[in-house]
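Reader: Please show me the model and explain how its descriptive terms are justified.

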Amino acid sequence: MTLNVKLVPGDIVRSRRGRDEGELLVVISIVDERFALVADGGNRRFDRPKRKNVLHLEPLGFHSDEVANSIRDTGRVTNAKLRFAIGQFEHVTNEGRTSENAPELALDAHAEEKGE
């Protein structure tokens, strides 16, 4: 089942399909109702964003105001800001986990995604 969630520039998403499956990305812009441009500041840089079907992106409920403001004000964002936004998200989500239950949580999420 697919939820119709409106993506906006600055949203952190996870790729659900393709070569970059499972990677965290930042929405740079919305092309139309079906496609978005995404980048991560590392492998996929701002000057060469990936055009991705929005159905293949999983919204994670995290928005980077710093990235959104930079894009809105200047039309650009630095790759360092993209990496920083993704790093902030990873820090926030990994803060409550311990090393002994982190793999267990990852397996549960994978099984849940597969519908098991």
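Author: Along the sequence, the protein follows the pattern β-β-β-β-β-α-α-α, that is, three helices and five strands. Helices (H or I, at least four residues) and strands (E, at least two) are DSSP runs, numbered from the N terminus. This is a predicted model, in which local features need pLDDT of at least 70, side-chain atom pairs count only at pLDDT 80 or more, and totals for chains, interfaces and linings use all residues. Residues are numbered from 1 along each chain as its sequence is written, and side-chain values use heavy atoms, with hydrogens and water left out.

Reader: How do you know that β2 pairs with β3?

Author: Two strands pair if DSSP finds at least two bridges between them. Strand β2 (residues 24-30) is joined to β3 by four bridges, and the two run antiparallel; the criterion is therefore met. V26 has A39 in β3 as its bridge partner, and a hairpin of four residues joins β2 to β3.

Reader: What makes β3 and strand β4 a pair?

Author: Four bridges link β3 to strand β4 (residues 50-53) in the antiparallel sense, so the definition is satisfied here too. The bridge partner of A36 in β4 is K52.

Reader: Why is β3 called largely enclosed?

Author: Four of the five residues of strand β3 (residues 35-39) are buried, so the rest of the structure largely encloses this strand. Buried means under 20% relative accessible area, exposed over 50%, and partly exposed in between (1.4 Å probe, protein chains only). Of the 116 residues in the protein, 28% are buried.

Reader: Why is S64 called buried?

Author: S64 has a relative accessibility of 5%, under the 20% limit, and therefore counts as buried. S64 lies in the loop between β5 (57-63) and α1 (65-74). Leaving aside residues up to four places away in sequence, S64 touches G10 and A85, where contact means heavy atoms within 4.5 Å.

Reader: What makes up the lining of the second largest pocket, by residue class?

Author: The lining divides into one nonpolar, two polar and seven charged residues. Ala, Val, Leu, Ile, Met, Phe, Trp, Tyr, Cys and Pro count as nonpolar, Asp, Glu, Lys and Arg as charged, and the others, Gly among them, as polar. L25 is one of the lining residues and, as a Leu, is therefore nonpolar; G18 and N43 also line the pocket and so count as polar. Among the other lining residues are R19, D20, E23 and K52.

Conventions: On a 1 Å grid over the protein atoms alone, a cavity is a set of points where a 1.4 Å probe fits but cannot get out, and a pocket is an open set with protein on both sides within 12 Å along at least five of seven lines; lining residues have an atom within 4 Å of a point.
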